[in-house]
Amino acid sequence: GAVGDAVAVLHSVRGEGERLYAWRARRRGTRRIAVGARSALFAPLERVGVVIVDEEHEGSFKQSAAPRYHAREVAMVRARHEGAVVVLGSATPSLESWERAARGRAVRLVLPERAAGARLPRVAVVDLREVRQAALAARAPHAPYDPTLGVLSPALHEAIAERLARGEQSLLLLNRRGYAASLQCHGCGDVAGCPHCSIALTYHRVPEGLVCHYCQHQAAVPARCPRCGEAALRRQGLGTQQVERLVAERFPGARLARMDVDTASGKWAHARILDRGAAGEGDSLLGTQMIAKGLDFPNVTLVGVVDADTGLNLPDFRAVERTFQLLSQVAGRAGRGPKGGAGSIQTRRPTCHAVRHALTHDYLGFVREELEARRAPAYPPYVSLANAVVSGTAE
């Protein structure tokens with residue numbers, strides 16, 4: 001029969017009855033293709049021949065709640081047991097998978113052409129330090145500090161206005177998840193980092209201070225930037241809601257949709273938002289990393305990254321790698337139709353290799369620099385890390 005008749009879909013949004021039906025269909029062998037998120041790996045299929053992990057670099061394949069596992073690694077274990085082939089797919093492979101191929105433990109297959117012969121969009125970088133200086137120079141004397149200062153640079157504002165005038169759509173990305181606030185100088189772009197672990201220090205309000213979430217190194221909050229001496233230290237804290245309000249004020253007639261954990265948590269809520277976008281019912285879609293993956297809207301001709309630094313400054317050794325992957329993925333959302341497209345990345349760290357190589361879609365150039373940065377202090381893929389978590393009701 002048709003391939004569609006053999007597919008059973010498994011993910012957490014489906015009701016328990018639907019999931020049980022799909023599980024039984026697999027068990028009986030009437031549905032021989034399992035499609036789903038992490039848990040689809042445990043589908044009761046017999047004689048498995050191929051396991052495909054699409055977007056294998058995705059951090060969401062690692063489950064943080066018990067039972068803890070990484071779906072990509074478990075896929076390889078199950079395939080080994082079943083004598084099956086594993087296919088890991090990604091436009092920006094994880095460094096672990098890249099090194100696995102370099103060591104001969106996997107075969108690297110390269111697809112250099114974009115689907116349907118589409119061209120990759122032109123991507124420009126906007127230096128938010130310069131935008132801030134210009135905005136400060138133009139504002140009234142003694143005016144209070146405005147946290148939205150420079151959020152939409154003149155270049156990005158103009159690009160959105162052009163799309164509105166032409167009846168085209170824009171995607172705006174701000175990956176503000178809000179679980180950690182780093183301290184960044186808005187004058188020079190420097191970020192307070194741990195001297196031992198090479199990750200961003202996290203700002204804690206009570207007691208006030210900077211803490212490394214790896215080694216617990218602590219530092220006081222400086223009054224001025226240690227690098228340039230300017231008193232422009234700010235906690236990264238601007239989220240999608242503030243940006244939504246700002247865009248609505250700047251473009252009163254625009255139809256704006258926001259997609260983040262708050263707006264897309266209900267059953268099928270994300271699908272409804274995306275369906276409206278695909279039908280051309282919105283002018284701009286603003287969101288977190290949810291909007292960066294797999295969207296294929298021919299009328300989206302502009303992708304704007306409101307602040308690339310929110311991802312770069314997360315307290316995680318993979319922060320730079322994930323930012324490069326995200327910037328590459330989101331830039332690929334523009335220009336998927338005959339109209340072509342452009343991208344704009346706003347940052348205070350334009351010289352960071354994640355930003356530089358995302359501008360030219362240069363994965364190999366990024367990997368060379370990032371692998372070097374992982375040697376000292378040693379991080380994966382050069383070492384394996386084990387995370388021991390001890391918890392209890394009484395210390």
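## Notebook: aromatic cluster, helix H3, Arg72, pocket and cavity

I began with the aromatic side chains and found that ring pairs link Trp98, Phe324, Tyr363 and Phe366 into a cluster. I note at the outset that the model is a predicted one, and I read every value below as computed from it.

**Entry 1, aromatic pairs.** I looked up how many aromatic pairs the structure holds, and the count is six. The one I followed up is formed by Trp98 and Tyr363, which meet edge-to-face with 5.2 Å from centre to centre and 70° between the planes. This pair joins distant parts of the chain, since Trp98 lies in helix H3 (residues 95-102) and Tyr363 in helix H11 (residues 363-373), 265 residues apart. I then checked the two partners for exposure and found that Trp98 and Tyr363 are both buried.

**Entry 2, helix H3.** Having met H3 through Trp98, I asked myself how many of the residues of H3 are buried. Seven of the eight are, so that I can describe the helix as mostly covered. I wrote down the buried residues of H3 as Leu95, Glu96, Ser97, Trp98, Glu99, Arg100 and Ala101, a list that holds Glu96, Glu99 and Arg100 beside Trp98. What covers the buried residues of H3? Among the covering elements I found H2, strand E6 (85-89), H9 and H11. Just after the helix I also noted Gly104, which takes a positive phi of about 85°.

**Entry 3, Arg72.** I turned next to Arg72, which is placed in helix H2. Is Arg72 buried or exposed? Its relative accessibility is 6%, and because buried means under 20%, Arg72 counts as buried. I looked for polar partners of its side chain and found one contact with the side chain of Glu73 at 2.9 Å, and another, of 3.3 Å, with the side chain of Ser94. When I set aside the neighbours within four places in sequence, the residues in contact with Arg72 were Glu56, His57, Phe61, Leu88, Ser94, Glu96, Ser97 and Arg100. Of these contacts I marked Glu96, Ser97 and Arg100, which also stand among the buried residues of H3.

**Entry 4, second largest pocket.** I looked up the second largest pocket and read a volume of about 890 Å³. Its lining is made up of 29 residues, and those nearest its centre are Ile33, Ala34, Leu45, Val50 and Val51. Two or more lining residues are given by each of helix H1 (16-28), strand E2 (33-36), strand E3 (50-54) and helix H2 (71-82), and the largest share, five residues, comes from E3. By residue type I sorted the lining of this pocket into 17 nonpolar, three polar and nine charged.

**Entry 5, largest cavity.** I then searched for cavities of 30 Å³ or more and found that the structure holds three, the largest with a volume of about 60 Å³. Which residues line the largest cavity? I recorded Leu173, Leu174, Asn175, Val305, Asp307, Ala308, Thr310, Gly311, Thr323, Leu326 and Leu327. Helix H8 (309-312) and helix H9 (319-331) each supply at least two residues of this lining, with H9 giving the most, at three. The lining of the cavity divides into six nonpolar residues, four polar and one charged.

**Entry 6, backbone details.** I closed by going through unusual backbone geometry. A cis peptide bond, with omega of about 0°, joins Ala66 and Pro67, and Pro67 belongs to the loop between strand E4 (62-63) and strand E5 (69-70). A further cis peptide bond joins Pro380 and Pro381, with omega of about 10°, and there I placed Pro381 in the segment after H11. Among residues other than glycine I noted Arg47, whose phi is positive and near 50°; Arg47 sits in the loop between E2 and E3, and at 78% relative accessibility Arg47 counts as exposed. His361, likewise not a glycine, has a positive phi of about 55° and is found in the loop between helix H10 (353-359) and H11. With a relative accessible area of 24%, His361 is partly exposed.

Terms used. Residues numbered from 1 in each chain as written. Predicted model: local features only at pLDDT ≥ 70, side-chain atom pairs only at ≥ 80, totals over all residues. Heavy atoms only, no water. 1 Å grid on protein atoms, 1.4 Å probe; cavity = no way out; pocket = protein on both sides within 12 Å on 5 of 7 lines; lining within 4 Å. Points joined across faces, edges and corners; volume = space filled by probe spheres on them. Helix = DSSP H or I, 4+ residues; strand = E, 2+ residues; numbered from the N terminus. Nonpolar A, V, L, I, M, F, W, Y, C, P; charged D, E, K, R; others polar. Buried < 20%, exposed > 50% of the residue type's maximum accessible area, 1.4 Å probe, protein only. Polar contact = N/O pair within 3.5 Å; in protein donor to acceptor, adjacent residues only side chain to side chain. Contact = heavy atoms within 4.5 Å. Phe/Tyr/Trp six-rings, centres within 6.5 Å; stacked < 30°, edge-to-face > 60°.
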